Amino acid sequence: MQLTKTDFIQYLHCPKSLWLLKHDPGNYPQGEFPTFQKKLVREGYEVERYVQQFLDSAGDRNVSFQAEFRTDDGLYARVDALEDMGNGMTALYEIKSSTSVKTDAKHNHIKDTCFQKICAERAGRHIDRVCLVHLNGDYVRNGAIDPGAMLVFADITEAVEELATETSAEIDAGLAFLASDQDMSGCSCVEKTRANHCDAFGVFNPEVPTPSIYSLPRLRANKIGDLRSMNVLGLDDVPGDFPLSTNQRIVVDSFQDGEPKVNEVAIRQFLSELSFPLYFFDYETFSSAVPLLDGTSPHKHFPVQYSLHVLDDDGTIQHKEYLEREARLPDRLLERMKEDIGPEGSLMAWHASFEKTQNRQMAALFPDAADFLNGLNDGMVDLEDLFKTAYVDARFDGSTSIKKVLPMVCPHLDYNDLDVQDGASAMESWKRMLDAAPEEADSIAQSLLSYCERDTFAMVEIYRFLMELIS
Ligand code: SF4
């Protein structure tokens with residue numbers, strides 16, 4: 001069985017999840033954001049091309065790319081770049097599309113570079129220097145990409161050396177673990193909060209229902225332990241006198257009573273503070289590892305589209321929208337926003353911090369529009385907030401994303417009929433649209449418009465639902 005650096009990092013995070021992936025891949029659940037994962041991979045290749053261009057441009061360097069190393073006991077590494085430095089010395093380059101050297105458990109760049117070095121050396125190639133190439137987060141594109149300014153070459157030889165003995169032992173343990181038999185029932189994350197669970201949690205713990213005690217907001221591990229010691233996994237079994245926070249208890253009550261828990265006073269208060277016209281607003285943005293446009297930086301988002309439903313006090317509703325069809329900063333988008341959003345009324349978004357961040361960044365990019373954008377932020381309200389405490393339904397399964405809330409409160413409306421169903425797909429579609437032939441570009445544009453429109457129409461319907469609830 002083969003062990004790559006990606007496998008190795010997964011092994012360090014959780015041996016059992018890697019074991020399942022390797023021994024029973026068909027049973028390993030696909031992650032929740034496959035489009036996002038594909039985007040990361042595609043962008044990784046793009047960064048590699050610029051590193052290659054940069055290293056090749058120094059004509060006197062002897063660099064090879066994608067050298068493969070295999071060992072008899074199953075290690076496999078494809079090294080991004082190897083440089084023959086002369087005198088029999090070799091440098092290894094590991095290329096990342098992040099903007100820093102990461103050392104957290106899930107993305108330990110030192111560890112996975114160390115894996116590459118050990119694999120190359122066990123396969124017979126001595127490595128003298130190790131370099132991690134990542135993006136410079138402060139780089140601002142201005143014309144053609146300047147690889148020398150966009151890339152950071154961090155010498156991590158010493159850091160890798162310090163971890164070599166430990167990593168070598170971990171690699172051997174990982175190989176032995178993969179070769180062993182494992183019990184598929186249960187895993188240690190039953191003791192931990194949901195943030196620690198991987199996609200395979202349900203495979204190892206099929207007895208845990210949905211929703212479960214893990215769906216309770218901010219439930220700490222010690223409380224999980226207390227509940228498990230009482231054989232409580234489902235919300236129906238949580239005792240009435242078990243100590244929970246107010247927000248946690250509301251979720252339990254909602255489940256046990258089979259109905260949402262509604263604080264009408266809080267909802268009425270929230271809605272009474274709104275003034276007409278009501279603007280229901282949503283951005284779609286684009287970001288990429290290698291900046292697409294002048295004035296942008298690695299991984300910095302900029303809006304490419306918005307949808308806006310405007311509801312008047314007489315019940316009339318208008319829909320306005322803008323989609324940028326060219327690779328261009330949001331200057332035209334901004335002009336249209338100024339036409340579409342008037343000085344009176346309340347601006348509403350779902351998870352408004354995202355829209356506010358875009359506005360702040362645009363204000364920096366277009367100082368002339370800063371007053372307008374800051375004004376939008378000052379008055380923006382977040383419809384999602386109501387669903388954190390004032391309207392709580394255990395069927396949201398611990399999330400207040402619009403995609404969880406909408407089907408529960410407005411079952412006639414969902415996203416299933418749309419070609420684009422999430423933000424990552426919208427980003428990928430927008431990029432594809434830029435390069436597509438006219439007919440295909442029109443079709444992609446229509447899909448993007450429909451998706452963004454659904455987001456704001458969903459807010460309108462949720463607003464109407466709330467109004468009816470308190471009427
Ligand atoms: S849920 Fe946790 S312990 Fe279980 S397989 Fe995933 S990471 Fe490992």
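**Entry 1: a term I needed**

I call a crossing of two helices left-handed if the near helix is turned anticlockwise from the far one by less than a right angle, and right-handed if the turn is clockwise. I also noted at the start that this is a predicted model.

**Entry 2: α15 and α17**

I began with helix packing, since two packed helices are described by the angle between their axes and the distance between the axes. My pair was helix α15, residues 402-409, and helix α17, residues 438-470. I found their axes 10 Å apart, at an angle of about 45°. That angle makes α15 oblique to α17. What is the hand of the crossing where α15 passes α17? I noted it as left-handed.

Then I looked up who touches whom. From α15 come Ile 402, Val 405, Leu 406 and Val 409, and they meet Asp 455, Ala 458, Ile 462 and Phe 465 of α17. Sorted by class, the residues of this α15-α17 contact are seven nonpolar, one charged and no polar.

**Entry 3: α1 and α4**

I repeated the exercise with helix α1 (residues 5-13) and helix α4 (residues 109-122). Their axes cross at roughly 130° and come within 9 Å. α1 and α4 are therefore oblique to each other. Here I wrote down a right-handed crossing of α1 past α4.

On the α1 side I listed Lys 5, Phe 8, Ile 9 and Leu 12, and on the α4 side Lys 111, Asp 112, Phe 115 and Gln 116. How many charged residues does the contact of α1 with α4 have? I counted three, beside four nonpolar and one polar.

**Entry 4: around the ligand**

Next I turned to the ligand and listed its surroundings. In the early part of my list stand Cys 14, Lys 16 and Ser 17. After these I wrote Cys 187, Ser 188, Cys 189, Asn 196, His 197 and Cys 198. Ala 200, Phe 201 and Phe 204 close the list. Which elements give two or more residues to this shell? They are α2 (15-23) and α7 (201-204). By class, I have seven nonpolar residues around the ligand, four polar and one charged.

**Entry 5: a five-stranded sheet**

I traced an open sheet of five strands, in the order β9-β8-β7-β10-β11, with mixed pairing. Which strands sit at the edges? They are β9 (317-323) and β11 (381-382), each of which pairs on one side only. Strand β8, residues 302-311, runs antiparallel to β9, and seven bridges join the two. As a landmark I marked Leu 311, which stands opposite Ile 317 of β9. I also found helix α16 (residues 423-435) packed on this sheet, where it touches β7 (278-286) and β8. The direction of α16 makes about 65° with that of β7.

**Entry 6: β1, β2 and β3**

I then followed two hairpins. Strand β1 (residues 62-70) pairs with strand β2 (residues 76-86) in the antiparallel sense, over eight bridges. Two of my reference points are Ser 64, whose bridge partner in β2 is Leu 82, and Ala 67, whose partner there is Val 79. The hairpin of β1 and β2 has five residues between the strands, and in it Gly 74 takes a positive phi near 115°.

From β2 I moved on to strand β3 (residues 89-95), also an antiparallel pairing, with five bridges. Asp 84 has Thr 90 in β3 as its bridge partner. How many residues lie between β2 and β3 in their hairpin? There are two, and Asn 87 in the turn has a positive phi of about 55°.

**Entry 7: backbone exceptions**

Last, I went looking for unusual backbone values, because most residues other than glycine have a negative phi, and most peptide bonds are trans.

- I noted Asn 231, which is not glycine and has a positive phi near 60°; Asn 231 lies in the loop between α8 and α9 (246-257).
- I found a cis peptide bond between Thr 210 and Pro 211, with omega about -5°; Pro 211 sits in the loop between α7 and α8 (221-229).
- I found a cis peptide bond between Phe 276 and Pro 277, with omega about -5°; Pro 277 belongs to the loop between α10 (264-272) and β7.

Key: Residues numbered from 1 in each chain as written. Predicted model: local features only at pLDDT ≥ 70, side-chain atom pairs only at ≥ 80, totals over all residues. Near = placed C-beta within 6 Å. Helix = DSSP H or I, 4+ residues; strand = E, 2+ residues; numbered from the N terminus. Nonpolar A, V, L, I, M, F, W, Y, C, P; charged D, E, K, R; others polar. Axes fitted to C-alpha atoms, helices over the stretch in contact; angles between N-to-C directions. Parallel < 35°, antiparallel > 145°, perpendicular 65-115°, else oblique. Contact = placed C-beta atoms within 7 Å. Pairing = 2+ DSSP bridges.
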